[in-house]
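Please take a moment with the sequence and the model before reading on. The paragraphs that follow lead from the details of single residues to the arrangement of the chain and back again.

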Amino acid sequence: MSKIHAVITAVGGCIPEYVLTNDEISTYVDTSDEWILQRIGIRERRILKPEEGVGITCLAEKAIENLRSKKDFDPLEIEAIVFATSTPDYILPNSASLIAYRTGMTRAFGFDLSAACSGYIFALEVAQSFIVSGKYKKVMVIAGDVLSTVTDTKDRNTCPIFSDGCGVALLEATEEEEGIVDSILHMDGDSLEHLHMYGGGSVHPASHESVDRHLHFIHQDGKVVFKRAVTAMVNVCEEIMQRNNLSKDDVRWVVPHQANLRIIEAVARRLEIPIDKVMVNIDKYGNSSAATIPLCLWDWEKRMRKGDKVILTAFGAGYTWGAVYLKWGYDA
Ligand code: UT7
């Protein structure tokens, strides 16, 4: 019997309508369009405007609708949903259940997965394991965040960076030599001091004090995280390329987490991969955490070809990081 592989057969995405420009941010913190463009590479980002009852699952539902407009499938055929997010609608119930109910994927089981900006590649790993086990044939991978809900608009270290969005991928079983080939994933628990949101968990449950102390916002020591991100992504990409005998010329696309254009360029330079093979959309979407990689695939879908060798790589709070090597499965 041939080996089962897990392949992405369709992607979808959703970004909120509201465009938050650098100039608008400059009206409430001491920054400028020039600084943000030069130091981060963001021109504008999308933000979900606060509205009663509206959260990440609304973006996820629209992203699934977008996927279905390109590749129709019976929602009842979906057997599992893995939803990577750090900003679920609620602590309880999980957001995967809400999405399943509202999109008719009611035969699926599922759960939310927390791995910050590495959420999409961690979710892909879990979903592909379900498929290669032979037990499941269709798994929906969703990755999205509404970071605007946990960003302090008075903190210029973070508010120009973070944004909102959601990307999805349908992962299916195939016996063809395509889809996810290899992955290397890590976490080390070392980000607590430099990249965290302390409030809302069991150590600092929500209280007047936790709100007053700004514990419900992400705090980041950018310089420290920057260095760690570059080293980690370069090392893990080199390792996955070496163990799969991939030269830099074999790789058609590198899809890095979109945290900072300078991080992306440093990774590309050290891997000696030309920047035109690297997907970059941070300029228009900002850093939407788990959503950045699937939103790149969504943006680039028409340019990708069956058989393209693709490396996804991410780094985020935890720290969590890793790389996935896959062979793209279709021409859009
Ligand atoms: O997605 C999860 C992983 N996250 C990341 O990978 C993000 C990694 N870090 C970064 O992207 C960058 O470190 C930042 C964008 C967060 C900051 O850029 P930086 O070049 O590392 O700036 P810095 O923190 O070293 O600050 C340099 C200067 C400082 O002023 P002085 O001390 O040199 O006078 C800051 O106060 O820039 C100042 N600064 C700003 N100036 C204008 C910091 N933020 C701003 C701002 N506007 N928004």
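A polar contact, as the term is used here, is a pair of N or O atoms within 3.5 Å, and within protein one of the two must be able to donate a hydrogen and the other to accept it. With that in mind, and remembering that this is a predicted model, we can turn to Asn260, whose side chain has a polar atom 2.7 Å from the backbone nitrogen of Arg262. The side chain of Asn260 also has a polar atom that lies 2.9 Å from the backbone oxygen of Arg39. In the chain, Asn260 sits in the loop between strand E11 (253–256) and helix H8 (261–271). Is Asn260 buried or exposed? Its relative accessibility is 8%, and because buried means under 20%, Asn260 counts as buried. When neighbours within four places in sequence are left aside, the residues in contact with Asn260 are Arg39, Ile40, Phe226 and Ile282.

Asn260 leads us to the ligand, since it is listed with Thr31, Arg39, Lys223 and Asn287 as the closest of the 21 residues that surround the ligand. Arg39, which we have already met as a partner of Asn260, has an N or O atom in its side chain that is 2.8 Å from an oxygen atom of the ligand. A polar side-chain atom of Arg156 likewise lies 2.8 Å from an oxygen atom of the ligand, whereas Gly222 takes part through its backbone, with an N or O atom 3.0 Å from a nitrogen atom of the ligand. On its own the ligand has 960 Å² of accessible area, and the protein covers 74% of it.

Which elements of the chain supply the shell around the ligand? Helix H2 (33–39), helix H7 (222–243) and helix H8 each supply at least two residues, and H7 gives the most, with four residues. Sorted by class, the shell consists of nine nonpolar, seven polar and five charged residues.

The next step is to see where the ligand lies in the chain as a whole. The domain assignment gives domain 1 (5–178) and domain 2 (181–327), and the contact between them takes 49 residues from domain 1 and 43 residues from domain 2. The centres of the two domains, taken over C-alpha atoms, are separated by 14 Å. Because domain 1 and domain 2 both give residues to the shell around the ligand, the ligand lies between them.

Leu48 offers a second example of a buried residue in a loop, for its place is between strand E3 (44–47) and helix H3 (56–70), and its relative accessible area is 15%. Not counting residues up to four places away in sequence, Leu48 touches Pro16, Val54, Gly55, Leu59, Val146, Ser148 and Asp164. Of these contacts, the one with Asp164 shows how the chain brings distant positions together, since the two residues are 116 residues apart along the chain and yet their C-alpha atoms are separated by 6.4 Å. Tyr101 makes a useful contrast, because this residue of helix H4 (residues 95–103) is exposed, with a relative accessible area of 68%. Tyr101 and Arg43 are 58 residues apart in sequence, and their C-alpha atoms are 36 Å apart in space.

Helices, too, can be examined for how much of them is covered. Helix H10 (residues 292–300) is mostly covered, with seven of its nine residues buried, and among these buried residues are Ile293, Leu295 and Trp300.

Finally, some details of the backbone deserve attention. Most residues other than glycine have a negative phi, and most peptide bonds are trans. Against this background, the peptide bond from Leu92 to Pro93 is cis, with omega near 0 degrees, and Pro93 is found in the loop between strand E4 (80–84) and H4. A cis peptide bond also joins Gly318 and Tyr319, with omega about -10 degrees, and Tyr319 has its place in the loop between strand E12 (309–316) and strand E13 (320–327). His214, although not a glycine, has a positive phi of about 60 degrees, and its relative accessible area of 41% makes it partly exposed. Asn245, which is not a glycine either, has a positive phi of about 50 degrees; Asn245 lies in the loop between H7 and E11 and, at 69% relative accessibility, counts as exposed.

Conventions
Residues are numbered from 1 along each chain as its sequence is written. This is a predicted model: local features need pLDDT of at least 70, side-chain atom pairs count only at pLDDT 80 or more; totals for chains, interfaces and linings use all residues. Side-chain values use heavy atoms; hydrogens and water are left out. Buried means under 20% relative accessible area, exposed over 50%, partly exposed in between (1.4 Å probe, protein chains only). Contact means heavy atoms within 4.5 Å. A residue is near a molecule or strand if one of its heavy atoms lies within 4 Å of it. Accessible areas come from the Shrake-Rupley method with a 1.4 Å probe; for residues, only the protein chains shown count as cover. Ala, Val, Leu, Ile, Met, Phe, Trp, Tyr, Cys and Pro count as nonpolar, Asp, Glu, Lys and Arg as charged, and the others, Gly among them, as polar. Domain bounds come from an automatic or database domain assignment.
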